[in-house]
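Please read this briefing alongside the sequence and the coordinates, which are shown directly below.

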Amino acid sequence: MDVYFLGTGAGMPTTKRNVTSMALRLYEERGTFWMFDCGEGTQHQVLRSPLKLSKCEFIFITHLHGDHLFGLPGLLSSRGHQGGTRPLTVFGPPGLGDYMKIVFQVSHSEVPYPLLIKEVDGGVIWSDDAFSVTALPLDHRVPCLGYRVQEKDRPGKLKFELLKEKGIPPGPVYGQLKQGLDVQLPDGEFLFAASVLGEPIPGRTVTILGDTRPCENAVRLARNANLLVHEATFMEDRVQHAHEFGHSTAKQAALAAERAGAKKLALTHFSSRYKDEEQLNELLTEAKEVFPESYLAEEFEAIEPA
Ligand SMILES: [Zn+2]
Ligand SMILES: [Zn+2]
C-alpha cells in the first residue's frame, strides 16, 4: 500500500508540476488502485507511470474545481480504449453527476464498462470486509470532501509450530485458520482459529484531503492515520492569502497532522510561486519544525504509510 503522486501543483499546471491527482496503490491487498482527484492531463501522467487504468477500481473526487476534476471525462473515455472492462465507481460531491452527464451527452461519449457516479456529502460512503472509506466536508470555497481510507485489522500469523505439535498436517485447514475461520478436525474436535493465530495485524489508515482551510474535520479524518496527505498551497508568510482563497499553509498542515496524532504527513498542492527545489525545501522545513515526519509529494514517486 502506498500513495503514488500524479499531480502536485495548485490551480494550474506548470512545466514541472501537473494539477492534482494521486493513486492509492493496493496491489498486494486487492490488485487494484484507487484514484483521488483527476485534474486536467491526469491521463497523460498515467501514461508516463507504471499505472494501468484497467486496474483503477474507484475514483474519489474531493471537489469540483477544475484543477481536481477536468481530467475525469477524458480519463474515463480512455480507460475503455485501454481494455478497462471492470466496473468503476466515481465518488464526489453533489454536482458531479450533472457535470458528467452533460459532458458525456454533448460529446456523445460512451464507455464500454459499468460506470457509476455516486454523489456523497459525508459519512461512511463505502466498505467491504477489508476496507472502509469515510468522507467529511472540509472548509474550502466550494463544497469539498476529505476521505479516510481505513484498512480493517487482519488475522495474525499462523503458529505453525503449535499446529505441528497438535499433529495437524498442512492442508486446506491451514488456509481456513489463516483467514480466522474455526475448523472441525476429522476426529470431531473443534480447533478455534484464535488459539493458533498470533496477535491481529492492525489495519492501516490513509487520509487524503481536498483543498481546505484548517478545520476540525481535517483533524477528525486524520486521527491516528498512518499517512495524511494534506495540501500546503502556501507558506506561513502568506497565511492571510491562504485563508482568503480557502487554503492552508505548510505550517497549518503540519499542525493538523500533529493534533490528529498522524504518523506521517505528505504535503502537496503547491502554489506555482514556489518554482525551484530550494523554495520547496523551505516550505518543507516550515512543516518539519512542527511535525518532523513531513515529506514533499513528488510526481511519479510514492510515499508509504508509516
Ligand atoms: Zn486545488
Ligand atoms: Zn479548490
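The points below take up a metal site, a strand with its partners, a helix and two pockets.

The structure is a predicted model, and the values quoted here are to be read with that in mind. Two zinc ions, ligand 2 and ligand 1, lie 3.5 Å apart, with Asp211 coordinating both. Strand 2, at residues 21-26, has six of its six residues buried, so it is largely enclosed by the rest of the structure.

**Zinc site**

- The zinc ion (ligand 2) takes its donors from His63 through NE2, His65 through ND1, His140 through NE2 and Asp211 through OD, at 2.2 to 2.4 Å.
- Along the chain, the donors of the zinc ion (ligand 2) are spaced as H-x1-H-x74-H-x70-D, and of the residues named above, His63 and His65 are both buried.
- The arrangement around the zinc ion (ligand 2) is irregular because its four donor atoms subtend angles of 89 to 170°.
- For comparison, the ideal angle for four tetrahedral donors at a metal is 109.5 degrees.

**Strand 2 and its partners**

- In a regular strand, side chains alternate between the two faces of the sheet.
- In strand 2, Ser21, Ala23 and Arg25 lie on one side and Met22, Leu24 and Leu26 on the other, and both faces are covered, with all of these residues buried.
- Strand 1 (residues 2-7) runs antiparallel to strand 2 and is joined to it by five bridges, with Tyr4 standing opposite Ala23.
- Strand 3 (residues 32-38) also pairs with strand 2 in the antiparallel sense, over six bridges, and here Arg25 stands opposite Phe33.

**Helix 4**

- Helix 4 (residues 72-81) is mostly covered, seven of its ten residues being buried; among them are Leu72, Leu75, Leu76 and Arg79.
- After helix 4 comes Gly83, which has a positive phi near 85°.

**Pockets**

- The largest pocket has a volume of about 350 Å³, and of the 20 residues that line it, Lys16, Arg17, Tyr274, Lys275 and Leu280 are the closest to its centre.
- Helix 12 (residues 277-290) supplies three residues to the lining of the largest pocket, which is the largest share, and by class that lining has six nonpolar, seven polar and seven charged residues.
- The second largest pocket has a volume of about 190 Å³, and its lining has three nonpolar, no polar and eight charged residues.
- Residues lining the second largest pocket include Met1, Glu28, Asp129, Phe131, Lys152 and Arg204.

How values were computed
Residues numbered from 1 in each chain as written. Chains lettered and ligands numbered in written order. Predicted model: local features only at pLDDT ≥ 70, side-chain atom pairs only at ≥ 80, totals over all residues. Heavy atoms only, no water. Donors = N, O, S within 2.8 Å, 3.2 Å for Na, K, Ca; no water. Tetrahedral: all angles 85-135°; square planar, octahedral: opposite > 155°, others 65-115°. Buried < 20%, exposed > 50% of the residue type's maximum accessible area, 1.4 Å probe, protein only. Helix = DSSP H or I, 4+ residues; strand = E, 2+ residues; numbered from the N terminus. Pairing = 2+ DSSP bridges. 1 Å grid on protein atoms, 1.4 Å probe; cavity = no way out; pocket = protein on both sides within 12 Å on 5 of 7 lines; lining within 4 Å. Points joined across faces, edges and corners; volume = space filled by probe spheres on them. Nonpolar A, V, L, I, M, F, W, Y, C, P; charged D, E, K, R; others polar.
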